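Open your viewer, set the cartoon to colour by chain, and keep the selection box handy. We will go from stop to stop, picking something to select each time and saying what is there.

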6 protein chains.
Amino acid sequence: MLRLSPPGFYRLGQTGQLDATYGGSEANVAVSLANFGIESSFVTRLPRHAVGHAAVQNLQRYAVCTRHCVTGEGRMGIYFLEKGIGERSSVCIYDRNDTAIQQAARDDFDWDAIFQDATWFHFSGITPALGKNLQQICQDACAAAKKAGLLISCDLNYRAKLWSRQEACEALTQLCQYVDICICNEEDAKNVFGIAASGTSVEDAQINKAAYVEVAQELVRRFNFQKVAFSLRTSHSASDNDWAGLLYSKGHCCISKTHHVRIADRVGAGDSFAAGLIYSIIAGKNQQETIDFATAASALKHTIEGDFNLVSVNEVERIAAGSSSGRIQR
Amino acid sequence: MLRLSPPGFYRLGQTGQLDATYGGSEANVAVSLANFGIESSFVTRLPRHAVGHAAVQNLQRYAVCTRHCVTGEGRMGIYFLEKGIGERSSVCIYDRNDTAIQQAARDDFDWDAIFQDATWFHFSGITPALGKNLQQICQDACAAAKKAGLLISCDLNYRAKLWSRQEACEALTQLCQYVDICICNEEDAKNVFGIAASGTSVEDAQINKAAYVEVAQELVRRFNFQKVAFSLRTSHSASDNDWAGLLYSKGHCCISKTHHVRIADRVGAGDSFAAGLIYSIIAGKNQQETIDFATAASALKHTIEGDFNLVSVNEVERIAAGSSSGRIQR
Amino acid sequence: MLRLSPPGFYRLGQTGQLDATYGGSEANVAVSLANFGIESSFVTRLPRHAVGHAAVQNLQRYAVCTRHCVTGEGRMGIYFLEKGIGERSSVCIYDRNDTAIQQAARDDFDWDAIFQDATWFHFSGITPALGKNLQQICQDACAAAKKAGLLISCDLNYRAKLWSRQEACEALTQLCQYVDICICNEEDAKNVFGIAASGTSVEDAQINKAAYVEVAQELVRRFNFQKVAFSLRTSHSASDNDWAGLLYSKGHCCISKTHHVRIADRVGAGDSFAAGLIYSIIAGKNQQETIDFATAASALKHTIEGDFNLVSVNEVERIAAGSSSGRIQR
Amino acid sequence: MLRLSPPGFYRLGQTGQLDATYGGSEANVAVSLANFGIESSFVTRLPRHAVGHAAVQNLQRYAVCTRHCVTGEGRMGIYFLEKGIGERSSVCIYDRNDTAIQQAARDDFDWDAIFQDATWFHFSGITPALGKNLQQICQDACAAAKKAGLLISCDLNYRAKLWSRQEACEALTQLCQYVDICICNEEDAKNVFGIAASGTSVEDAQINKAAYVEVAQELVRRFNFQKVAFSLRTSHSASDNDWAGLLYSKGHCCISKTHHVRIADRVGAGDSFAAGLIYSIIAGKNQQETIDFATAASALKHTIEGDFNLVSVNEVERIAAGSSSGRIQR
Amino acid sequence: MLRLSPPGFYRLGQTGQLDATYGGSEANVAVSLANFGIESSFVTRLPRHAVGHAAVQNLQRYAVCTRHCVTGEGRMGIYFLEKGIGERSSVCIYDRNDTAIQQAARDDFDWDAIFQDATWFHFSGITPALGKNLQQICQDACAAAKKAGLLISCDLNYRAKLWSRQEACEALTQLCQYVDICICNEEDAKNVFGIAASGTSVEDAQINKAAYVEVAQELVRRFNFQKVAFSLRTSHSASDNDWAGLLYSKGHCCISKTHHVRIADRVGAGDSFAAGLIYSIIAGKNQQETIDFATAASALKHTIEGDFNLVSVNEVERIAAGSSSGRIQR
Amino acid sequence: MLRLSPPGFYRLGQTGQLDATYGGSEANVAVSLANFGIESSFVTRLPRHAVGHAAVQNLQRYAVCTRHCVTGEGRMGIYFLEKGIGERSSVCIYDRNDTAIQQAARDDFDWDAIFQDATWFHFSGITPALGKNLQQICQDACAAAKKAGLLISCDLNYRAKLWSRQEACEALTQLCQYVDICICNEEDAKNVFGIAASGTSVEDAQINKAAYVEVAQELVRRFNFQKVAFSLRTSHSASDNDWAGLLYSKGHCCISKTHHVRIADRVGAGDSFAAGLIYSIIAGKNQQETIDFATAASALKHTIEGDFNLVSVNEVERIAAGSSSGRIQR
């Protein structure tokens, strides 16, 4: 998607200048993984004009393979983002009616070819939320991925503006049959599957980490996931959040330290968490290292402008290892 | 519409910054008239979010009445503009699928109320090009305007990306029954009604002014227009054009001087020509003064950034009176 | 006034770029009220040139009626603003000698016409501080407003650079005879009328809220105000303040919650408090709701760039209702 | 003066960003001379605040000595500049009521001290136009300069917004008694002393160079100038001018080649011409070389943003020697 | 190289903002070819830090393969560019001492691997100018390319700041033994090999096209080139040039039309000419089409900001086919 | 040095715009002192081109005398700076191979002439770190300064990228024989001379102030310094630090209050501390006042963009006196 954002803390009606960047849930994961040195390929459908081409170029720039992007009729997805500060929330205005991806057909994508030489397939709950055709396309992809022996991860990523809880539950229940690793933020399991963490009130900035173990257990019971990971945000204001991660796997639960994040740009934090998780698993880290890396990576994302998490493995590991003093590096 | 344009001569794929302004054919006419001191009201349908609201605010800023703008479902129309220079053309990418105005219904607009106290109704050929519903809405407006005794002007403004010549011909033939003053650029009459000026090749920068008198006569024969006006652009490059105007009325033809225009931003030139014409007629100028003012106003538009022609009557009259030396005014 | 401000935290001597916006105490109130859906009209005197016109356009943009602005000789008021951070204070340099408003004459304004159909008149203590002529003009306005049955509010807004405490006391004592609702910051009552809150040291960031009840009582005793409202700022640094409000009316006192504000731009906070108060009273809120809304509105102002408080009623009510977690709104 | 200018070709009402630079006739001459390696000192009176200090810093930056600048009450002079293009003229809006320099008193400047070690005194007609006190101060300076054996140059620089032709004539007639070198643009002699060049119509872009010899002769007859120099602008549009110079000295007249100038910023062209002239005379160039250098320097000024002519002696001499092909220098 | 350039026409000493882009002769050719749909790979040696990485990312963005870029000690090459206008030339300040590429060793590059699957090798005369090691590396590359059956093109690209004419002649005489297609600007053959075109004075804007046929013949006689191509620039000013191309092959000479170019950015024009030539040959165009395409491509380059020629085959062919009216494309 | 920095919190690879400022340890001290009204002269060697000249101009702008800067072969030193936020550190990439200063020869500087009329010589440990020639040049300067009776201060300023601890120890041990006042940050004494403060772990944000008295005593024992001063940074994050100072002199130790600094730009903080110290000693402040001023000055530096500490004596004294509420100054 094209993201249009007023500079600094300006509101949309105030300014004649917009910062134009590109992002989107799966694209963000792909870029983050490419930054970590993992060969990543992004699959989507884009319009055939200069703006669609610019989106492709921005993925290429960060070494994401765009060979499997197809082009066709339909618009470029756009979202407008006003950045909040203090008590004032950031605001997203989505402008994604009639996009090229919404008009995608099943035969736009040859999943067997796409997955040749691949080892992992990741998708987010936003994609099936875009329409019945995309639910079907996701299912095609999952089936092909499973057949080809890939690991499959899904970030539930519930968006109330795109579908109802019931629609999400139905579609994701079906897709989660294929999923090995389930990734959620502090609200997704409740929103999509009705599994709430006790003692937690997100709006009141109360997160009960222990309760998420039970949420994970319930998710595993239902879907037989290998791993369930949560990013847990405690929002004190639009400028300052606490940020932690929890990874449940085979009956064990590991929790990261809590990062106090000073926010430059919080969009894409969940995607950077997913990418950190996927990287760590591919890199063979143990469970605690995995959740520490994923959480540190996504804590750092909050300090990076734009959707993409433009940090290296070294930078993440420094933070994951506990260095948070922010001393200058000369 | 929201117009998104890279700064200077950058291409869309090169830059992370876009200049965001607002425009659109009838809006441009309204702003230009308001700058000339004419009370103007703009009627459209906009989305209910911050970007739609910003469009309203930009009209208000230039003293255009927005009381009759309605809001509803649907997108904000957007266009991307790359400015050309020299041999490189400017490029427009339209992004107006599924806009709020395209979803307009006949009962969104109460034309009798809208035209209360009004004396003039202007529309462009772009509006009926947006769909059958908008053709019907235009017809409603024309009928109400006629009933209320308003003068009606139409800028043919043919856009090949929106409809075929045949569709345009059918729809505009019907609407032109109501029209008193017909405004065209050097290609519109040919594109819409098949009436070509002999000895003219727009792509080769050859304009035969005399032949446009015959085009005007043919238009009057078909539609009984009171007046027909042409803006006549001779394009030497994206940076330098010649620009003249011709006004045919009651068997007489007046031609303006030819302005050599150095181009800062050529979008909206035709709209500023229409506004100059409407202003001059309202102000009671004679035929030669009218075409001189309209042409000078639109020549000046080429030096103004954005769609809107932000010049005053005094500034136009100085140019219309022949002052083109561009000496500094202290 | 034209406000000229270096971008970000740059100092005036460092940068060749200035952000140009428009503001001023009563203008800020008018814009804020217009944003809340209240028809507002701003009355002033401006120079007859492009910069004066730009000021008018910026008010129109936010739907403030400028029909009663007159133009004439004299300058545009200007102020230069350097934004502070942490221990470094923001700095204002006023450049308002010889402005058009300072040269205003009594007959520039026909108050009976201006107040036709009006229900409320608001002015700030800055206006009479500009000269004897403006004190007289304020008195004319107050008398006309009273005669026409308007409610009158005054924000004391003491500015030591414009007049001495004694001058302010004399002029405002006279004008306050007409005033129904008196609005002060934590220092105004002391500066203007010598009524200090005990246990309060503004420079040391100590505010004794209880003591302001007594200040309110004393103000009511002297001027028979219907309501007295205080905005109470505790300044920890140029970046972080506490912000609360207190409304005294008919022997009762309501105090808002204390907002911790992260500051993007603190200019105009008092004006946004006044506007929030006026809106709430017009909207028929009760006393607690009124001070909660006014305080929340002005707490939000600290997050908005420029003098104007560009927030909607919904946004304020969300904060007033206690939502301060700053979670993103998608 | 502080110069505030919208970026590119934007109009003042369109943009929230202004480019802030510093300039003014004598300051521009001083900077240009300092760039040519001549020790230059600028004498003025400035306000005691950050903006006044920024003006001083901008002169220091270009190696102009500011030791003799005094500070005091009063404003910073400001002018707003909209840059024109093609048929649209550049527009200056002066905002210099009540400036610190206008409030200068005779004893603010100790001319004997200022002129110690100096060899040249230059002033422009703008300074005495600011008030009777400044006429007296100019006279003091001229008398002291004459006494100290300095050469004195004056650029007539008539500004109709500052004084009438008659006022200018009276004041400058008196001051010109002291002047050795008189510098004029193509209109000054007519405007100030009523000495018109025959066959010349500035507004119609007709300049009769030969006639300026007679103007020079008449000026010498009246004031016994050693040298009279004219810059001769033929304005085809705000973007393209012809530019030539003429130097009359001891009965001989030398005319430069005519430069076709593509205009980036034409403000300060006359000042850069004066500086080129002064430099050439100090450097001991002959009469033809002098006018060629002065004209080439000021032709180059049109390509430099801001008031100051930021070019070196080498760069000017390259142009003066006829190199105008603009080939890249690597 | 990192290119640092003040915005617009500012000089380096005036501005605190620099536009940072990336370029360099062979990189520019690679990007241009990639834009034309030709798989291109760029081979160089870059420093191991964020700026070196950014250079890689900017090539990737435009689909250039960077797999063969190696990293190591040494600096990033930098050049500062001031853009000229009118009589004022653009100025390049090179800052390339001690760069990573200058420190390259022969075994940094495994040419057999690099040329696997390749069909064309292009280099410019700038590379061997950087040092004896780079002359040897070029020779290694040429030998390997020849062995692998690639076509080899060389753009002589003489830079007087890097080496003397004699050094260039010696090194390029050796390398040209391998070269199939020799590309020169209007001065290179004279500067490098002492073969001047009669009747041509570049500084005086006189180009005798016919004489370049003889230059081509002499080059072919000496080096047995398959083809010799010249870009022929006639520089009227820094803003306006004439631009033509000449291609000599097997005794025949084809000359393109002369394009009048309005210059946005002239750096990289020669590289875009080389890329246009290479593309046309690969695409199988005939000799006239080839020189027309190459010349049109490089004429367009003058309208594109930055070193890279960001235009498509369609855009070039439109210009090559004679469409130079610059009419807007909607 | 030229400092190139992406705007805001962007990373180097993200942006095409760089903020270009100038700085460097001793230059920063000179500018800060000049801002405090102390005549300061900066001595260095710079390249002979527009960028070297721009560096000189930026020092002149802040009233630093540049008469003793010499020019010659070699590059301009450059550093790239990414600003950190929260857990993300700021990153410096130095690009100073082969600079003009690194190529300096002993006879480039005539220290007797340079120190004529001077009273103080300050240098930092970065200069001798640039090479043996610069160690010798520093020694020449120290010897000449001592001979001329100047006070000599040295800021140890250890940079691990420039030399090893052992090299630093050897060179600085020799130079410190001449030094009267030694200035260190919380790590320098340990890094250079191996004198560690007990109970201190900089990376863990633990500073044991008391232990620095012992470090000072050991330094005095070794080098017989008159005074030893430490700036003591406790880094909580890249955005928030604690900042204090300690001055040891003749057996007494004074410690400043601890400032909580909100960071706009932390580069140059140590230099501003040195300048505050030097100013206070020159101004005759007592020991406590001296460390309070130096610490307040450098606390304020963290709020100023760029390397230079652009604050006045008044502004520092306000902070030093305890005013840290950051209330707006109108």
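The tour below goes from the way copies are related, through an interface and a shared sheet, to a single residue.

**Before you start**

This is a predicted model, in which local features need pLDDT of at least 70 and side-chain atom pairs count only at pLDDT 80 or more, while totals for chains, interfaces and linings use all residues. Residues are numbered from 1 along each chain as its sequence is written, chains are lettered from A and ligands numbered from 1 in the order in which they are written, and side-chain values use heavy atoms, with hydrogens and water left out.

**Stop 1: chains A and C**

Select chains A and C. Two copies of a chain are related by a rotation about an axis and a shift along it. Here, chain C is superposed on chain A by a rotation of 120° with 0.0 Å of shift along the axis, at an RMSD of 0.0 Å (a least-squares fit on the C-alpha atoms of residues with pLDDT of at least 70 in both). The two copies are thus related as by a three-fold rotation axis. To find that axis, go to G8(C), whose C-alpha, at 5.0 Å, comes closest to the axis of the residues of chain C.

**Stop 2: where C meets A**

Now show the residues in contact, meaning heavy atoms within 4.5 Å. You should get 27 residues of chain C against 32 residues of chain A. Do the copies meet through the same or different surfaces? They use different surfaces, because only 4% of the interface residues of chain C are also interface residues in chain A.

Between them, chain C and chain A bury about 2,600 Å², 45% of it on carbon and sulfur atoms; this is the accessible area (1.4 Å probe) that two parts lose on being put together, summed over both. Select R262(C), R327(C) and R330(C): they supply 33% of the area that chain C buries against chain A, more than any other three residues.

Turn on the side chains next. Four salt bridges are counted between chain C and chain A, each a side-chain nitrogen of Lys or Arg within 4 Å of a carboxyl oxygen of Asp or Glu. One of them joins E315(C) and R11(A), at 2.6 Å from N to O. On the side of chain C that touches chain A, the elements giving two or more residues are β13 (259-262), α9 (287-301) and α10 (313-320) of chain C. Helices (H or I, at least four residues) and strands (E, at least two) are DSSP runs numbered from the N terminus.

Then centre on R327(C), whose side chain meets that of E187(A) in a salt bridge of 3.4 Å, N to O. R327(C) lies in the segment after α10 of chain C and E187(A) in the loop between β9 (181-184) and α7 (188-193) of chain A, so the pair joins two chains.

**Stop 3: a sheet built by A and B**

Hide chain C and show chains A and B. Which strands form the sheet, and in what order? Eight strands make an open sheet with mixed pairing, in the order β6(A)-β5(A)-β1(A)-β2(A)-β2(B)-β1(B)-β5(B)-β6(B), where two strands pair if DSSP finds at least two bridges between them. At the edges are β6 (91-95) of chain A and β6 (91-95) of chain B, each pairing on one side only.

Zoom in on chain B: β1 (residues 2-5) and β2 (residues 17-22) run antiparallel and are joined by four bridges. Select S5(B) and you will find D19(B) of β2(B) opposite.

**Stop 4: chains C and D**

Bring back chain C and add chain D. Strand β2 (residues 17-22) of chain C pairs with strand β2 (residues 17-22) of chain D in the antiparallel sense, over three bridges. Click D19(C) to see its bridge partner in β2(D), Q17(D). Within chain D, R3(D) has T21(D) of β2(D) as its bridge partner.

**Stop 5: chains D and F**

Show chains D and F. A rotation of 180° with 0.1 Å of shift along its axis superposes chain F on chain D, at an RMSD of 0.0 Å. The two copies are thus related as by a two-fold rotation axis. R61(F) comes closest to that axis of the residues of chain F, at 1.9 Å (C-alpha). The same surface serves both copies, since 100% of the contact residues of chain F recur in chain D.

**Last stop: V220(D)**

Finish at V220(D), in helix α7 (residues 209-223) of chain D. Leaving aside neighbours within four places in sequence, V220(D) is in contact with F225(D), V228(D) and Y248(D).
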